[in-house]
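Visitor: I am new to this structure and would be grateful for a close look at one part of it. Could you please guide me through how its strands are arranged?

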Amino acid sequence: MKFATQTISCPHCGHHQHIDVDGTSGDQDYYDDCRICCNPIHMRLHLDEARHTIELFIDSGDEQIY
């Protein structure tokens, strides 16, 4: 699976929105602004070749990972 449409919730305002996920470039780490509150949404995309799936991780971008 290389392309998908996913519904996400903004980690800031909770608004649901549809995003297009493109897995043709492999793993990705990027930010996209919420269409409602304009705050940045941190998106991490992982292409799992073994299971033929795309995993999408969403956070507000200000969380600390230890």
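Guide: Two strands are said to pair if DSSP finds at least two bridges between them. The model discussed here is predicted. Within it, strand β4, residues 40-48, and strand β5, residues 53-59, pair in the antiparallel sense, with seven bridges between them. Asp48 of β4 has Thr53 as its bridge partner in β5. These two strands form a hairpin with four residues between them, and there His52 adopts a positive phi near 55 degrees.

Strand β4 is also joined to strand β3 by six bridges, and this pair likewise runs antiparallel. One of the bridges links Asp33 to Pro40 in β4. The hairpin of β3 and β4 has six residues between the strands, and Cys38 in its turn has a positive phi of about 65 degrees.

Tyr31 offers a closer view of strand β3, which covers residues 28-33. Its relative accessible area is 47%, so Tyr31 counts as partly exposed. Leaving aside residues up to four places away in sequence, Tyr31 touches Pro40, Ile41, His42 and Gly61. Asp48, by comparison, lies 17 residues from Tyr31 along the chain, and the C-alpha atoms of these two residues are separated by 21 Å.

Beyond the strand pairing, the cysteines deserve a brief remark. A disulfide requires cysteine sulfur atoms within 2.5 Å, and the count by this rule is zero. The sulfur of Cys13 has its closest cysteine sulfur in Cys34, at 3.8 Å, which is too far for a bond. Cys34 is in no disulfide either, as the nearest cysteine sulfur, that of Cys10, is 3.7 Å away. Cys34 is buried, at 2% relative accessibility, whereas Cys13 is partly exposed, at 39%.

Conventions: Residues are numbered from 1 along each chain as its sequence is written. This is a predicted model: local features need pLDDT of at least 70, side-chain atom pairs count only at pLDDT 80 or more; totals for chains, interfaces and linings use all residues. Side-chain values use heavy atoms; hydrogens and water are left out. Buried means under 20% relative accessible area, exposed over 50%, partly exposed in between (1.4 Å probe, protein chains only). Contact means heavy atoms within 4.5 Å.
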